[in-house]
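Got your viewer ready? Let's take a walk through this model, one selection after another.

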Amino acid sequence: MRLGKFIGGALAAITIAAASTIAAFAAEPENTMVITLKSGEVVVALRPDLAPKHVEQIKKLARAGEYDNVAFHRVIEGFMAQTGDVQFGDMEDGYSAERAGTGGSKLGDIDAEFTDTHFKRGVVGMARSQNPNSANSQFFIMFADGDFLNGEYTVVGEVESGMEFVDEIKRGSGQSGSVSGPDRMIKVEIAADK
């Protein structure tokens, strides 16, 4: 009886400790990205513990203002909203509807940092080509669970608040999810810099 109470109490303590670790990590300003959309702010807890190279590149691009005014060029209902093409997706400087989604940044591509973390609603992952080591600047936010992506794409973070604003992003059409007159990320900042 005592052993059962001890194990139950120990499990509860471990669960509470794990929950507070996640909350403390998510609240760390250096690893929190704030995306301003037309309807409000989306706060993303970045995960350098899962993908340190990818997170570092995202932070460099955000701090350089590269993500500001970049279109959500591919948005598929029930799946995800993709953005981050700083080369062809900047709606105020060099936007190309035909080429948005094919570009990246001047920074190099990043080798895959795959984990067993599940792609669920609110998870932020890095977009890439068929080459697993081709992620650069583009990322996507999941509208719904997508377990078929698990272990195939790099998880870089998770929406902490503002998912209701992500849900309002204009959807694309067809299988490609190409968006005519897309919504954009108005501003992207790292919380430590605000």
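Start by selecting Phe143, which you'll find in the loop between β7 and β8. Keep in mind as you look around that this is a predicted model. Is Phe143 buried or exposed? With a relative accessibility of 6%, Phe143 is buried, because anything under 20% counts as such.

Now show what surrounds Phe143. Leaving out neighbours within four places in sequence, its contacts include Val75, Ile76, Gly78, Phe79, Met80 and Ala81. Also among them are Arg121, Met163, Val166, Asp167 and Arg171. Pick Val166 from that group: 23 residues separate Phe143 and Val166 in sequence, while their C-alpha atoms lie 7.9 Å apart.

Next stop: select residues 80-83, which make up strand β5. Which way do the side chains go? Met80 and Gln82 point one way and Ala81 and Thr83 the other, and all of them are buried.

Stay with β5 and look at its partners. On one hand there is β4, residues 74-76, which runs antiparallel to β5 and is joined to β5 by three bridges. Highlight Arg74 and you can trace its bridge to Gln82 in β5. Between β4 and β5 sit three residues, and the two strands form a hairpin. Click on Gly78 in that turn: its phi is positive, at about 75°.

The other partner to bring up is β7, residues 139-142, which pairs with β5 in the antiparallel sense over four bridges. Here Thr83 has Phe139 of β7 as its bridge partner.

Time to zoom out and colour the strands. What order do they follow in the sheet? This is an open sheet of eight strands, and the order is β4-β5-β7-β6-β8-β2-β1-β10, with antiparallel pairing. At the edges are β4 and β10 (187-190); each has a single partner strand, so one side of each has no neighbour in the sheet. Look along the sheet for its twist, which averages 25° from one strand to the next.

Now add helix α2, residues 52-63, which packs on the sheet. Which strands does α2 touch? They are β1 (32-37), β2 (40-46), β6 (123-126), β8 (155-161) and β10. Compare directions and you'll see that α2 makes about 120° with β10.

Move on to β8 and its two pairings. Select β2 along with β8: four bridges join these antiparallel strands, and Val44 has Val159 in β8 as its bridge partner. Then swap β2 for β6, which is joined to β8 by three bridges, again antiparallel. In this pair, Val123 stands opposite Glu158 of β8.

For the last stop, select Asn31, in the loop between α1 (2-27) and β1. Asn31 has a relative accessible area of 5% and is buried. Look for Lys59, whose side chain makes a polar contact of 3.0 Å with that of Asn31. Besides Lys59, and leaving aside neighbours within four places in sequence, Asn31 is in contact with Val44, Ala45, Leu46, Pro48 and Val55. You met Val44 a moment ago, bridging to Val159 in β8.

Technical notes: Residues numbered from 1 in each chain as written. Predicted model: local features only at pLDDT ≥ 70, side-chain atom pairs only at ≥ 80, totals over all residues. Heavy atoms only, no water. Buried < 20%, exposed > 50% of the residue type's maximum accessible area, 1.4 Å probe, protein only. Pairing = 2+ DSSP bridges. Axes fitted to C-alpha atoms, helices over the stretch in contact; angles between N-to-C directions. Contact = heavy atoms within 4.5 Å. Polar contact = N/O pair within 3.5 Å; in protein donor to acceptor, adjacent residues only side chain to side chain.
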